[in-house]
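Q: Please take a close look at one part of this protein. Start with how far the model can be trusted, then work outward from the part you choose.

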Amino acid sequence: MNLESKWLEDFVALAATRSFSQAAQKRFVTQPAFSRRIRTLEEALGLTLVNRARTPVELTEAGQLFLVTARSVVEQLGEAVRHLHNLEGEQGEVLQFAAAHSLTLGFFPAWIAGLRRAGLPIKSRLVATNVGEAVHALRDGTCDLILAYYDPDAALQLDPELFPSLHLGDTAMLPVCGVGEDGRPLFDLDSGQNVPLLAYSAGAFLGRSVNLLLRQRGLRATTVYETAMADSLKSMALQGLGVAWVPRLSVTAELARGELVVCGGEHWQVPLEIRLHRCALLHKPAVRRLWKVLEEGAGVVAGAGSDAGSVRQGG
């Protein structure tokens, strides 16, 4: 197989613009010449990468998978050339992380610090996002790794062969509420009384497990507020407006200060795994080094309020 790097750059440009004419302009060639180069790439691979019958153009399933490799090769070639010219020789590779919002504050800083103390000087760039967008970024190759909660009943739609994962730790969703002047919880889930519920909006990843628990337990509740953000639910709970289920690592400080309390027994808690996912098609050296360290169990730390477990592989 004889591939030219410019064809890969063309394909990455086409995936970004979803337009042959715009991609051709971006690559400073005529549209007919650009189209011929994409066709030549497909012939060299023996695959159809682009669905030309759709406007804007869409990548085929093979094209989506090949895009990860194309981006990786283009980026690695660029980094190698810049290093050789001493333009970025001191910077090294930067790992691109996408993470659930609550993990960006409650878990990621302590985890990265632990890895650095273990001798792995990671340089990272972090984007806080929802699970769906993080999965899309990993599939497209626009991030190297995603850090997310794992729930077997609401599993990420990722092929474990193409997107392996590692277990980093455990935490739980806790029902919390504000405290009255007498120092007691404002609400009690075990009282049998109707409680005001600070709920996750429809489609929110964490909300699926909470809603399942509420149905199983038959909680009498009236939804008074909805959002997809755990931190927003926490803020409303701090105002005394209801009960919110939030990850333990998001409320460690508030629980310690007595600003929030857990307002139900352990049977009202939802266990959660914290996992790291990568794409097996991505061959970035920094990702391979990190994965090796994690598989060996070195430098694995728990974020605030989570319990570090032995690293294990999963899908």
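A: **Confidence first**

Residues 86–90 have pLDDT under 50, and the model gives this stretch 4 contacts beyond four places in sequence. Residues 301–311 also fall below 50. That second stretch has 39 contacts in the model beyond near neighbours in sequence. This is a predicted model throughout. The mean pLDDT of the protein is 84. Of its residues, 87% reach 70 or more.

**The whole chain, briefly**

The protein has 315 residues, and 45% of them count as buried. Its secondary structure comes to 11 helices and 13 strands. Take the contacts between residues at least 6 apart in sequence: 75% of them join residues at least 24 apart.

**The part chosen: S102 and its surroundings**

S102 sits in helix 5, which covers residues 101–106. Is S102 buried or exposed? Its relative accessibility is 6%. The cut-off for buried is under 20%, so S102 counts as buried.

What does S102 touch, apart from its neighbours within four places in sequence? The list is F107, Y149, P247, L249 and S250. Y149 deserves a second look. Its side chain makes a polar contact with the side chain of S102, at 2.7 Å.

**Strand 5, seen from S102**

Strand 5 takes in residues 145–150. It is mostly covered, with 6 of its 6 residues buried. Strand 5 pairs with two strands described here.

One is strand 3, residues 95–100. Strands 3 and 5 run parallel, and 3 bridges connect them. A98 stands opposite I146 of strand 5 in this pairing.

The other is strand 11, residues 270–278. Here the sense is antiparallel, with 6 bridges to strand 5. Y149 reappears in this pairing: its bridge partner in strand 11 is I274. Y149 thus has a side-chain polar contact with S102 and a bridge partner in strand 11.

**Two helices to compare by eye**

Helix 11 spans residues 285–295. Its buried residues are A286, V287, L290, W291, V293 and L294. Why do they line one face of the helix? Seen down the axis of helix 11, they fall within an arc of 160°, so they line one face. G297 follows helix 11 and has a positive phi, near 85°.

Helix 3 has 15 residues, 31–45. From its first C-alpha to its last it reaches 21 Å, close to the 21 Å expected at 1.5 Å a residue. A33, F34, R37, I38, L41, E42 and L45 are buried in helix 3. That list includes R37 and E42. G46 follows helix 3, again with a positive phi, near 70°.

**Backbone oddities**

Most residues other than glycine have a negative phi, and most peptide bonds are trans. Three places are worth checking against that.

First, R18. Its phi is positive, near 60°, and it is not a glycine. R18 lies in the loop between helix 1 (5–17) and helix 2 (20–26). Its relative accessible area is 37%, so R18 is partly exposed.

Next, F28. Its phi is also positive, at about 60°, and F28 is not a glycine either. F28 is in the loop between helix 2 and helix 3. At a relative accessible area of 78%, F28 is exposed. The cut-off for exposed is over 50%, so F28 qualifies.

Then P56. The peptide bond from T55 to P56 is cis, with omega near -5°. P56 belongs to the loop between strand 1 (50–51) and strand 2 (58–59).

**A second tyrosine–serine contact**

Y225 also has a polar contact with a serine. The side chains of Y225 and S232 are joined at 2.6 Å. Y225 is in strand 8, residues 221–227. How covered is Y225? At 23% relative accessibility, Y225 counts as partly exposed.

S232 is one of the contacts of Y225 beyond four places in sequence. The others are L197, L198, A199, L233 and M236. Measure one more distance on screen, from Y225 to L241. They are 16 residues apart in sequence, and 8.7 Å apart from C-alpha to C-alpha.

**Back to the start**

To retrace the route, begin at S102 in helix 5. Cross its 2.7 Å polar contact to the side chain of Y149. Then step from Y149 to I274 in strand 11.

How values were computed. Residues are numbered from 1 along each chain as its sequence is written. This is a predicted model: local features need pLDDT of at least 70, side-chain atom pairs count only at pLDDT 80 or more; totals for chains, interfaces and linings use all residues. Side-chain values use heavy atoms; hydrogens and water are left out. Helices (H or I, at least four residues) and strands (E, at least two) are DSSP runs, numbered from the N terminus. Buried means under 20% relative accessible area, exposed over 50%, partly exposed in between (1.4 Å probe, protein chains only). A polar contact is a pair of N or O atoms within 3.5 Å; within protein, one must be able to donate a hydrogen and the other to accept it, and residues adjacent in sequence count only if both atoms are side-chain atoms. Contact means heavy atoms within 4.5 Å. The expected span of a helix is 1.5 Å times one less than its number of residues. Two strands pair if DSSP finds at least two bridges between them. pLDDT is the predictor's confidence in each residue, from 0 to 100. The arc is that of the directions from the helix axis to the C-beta atoms.
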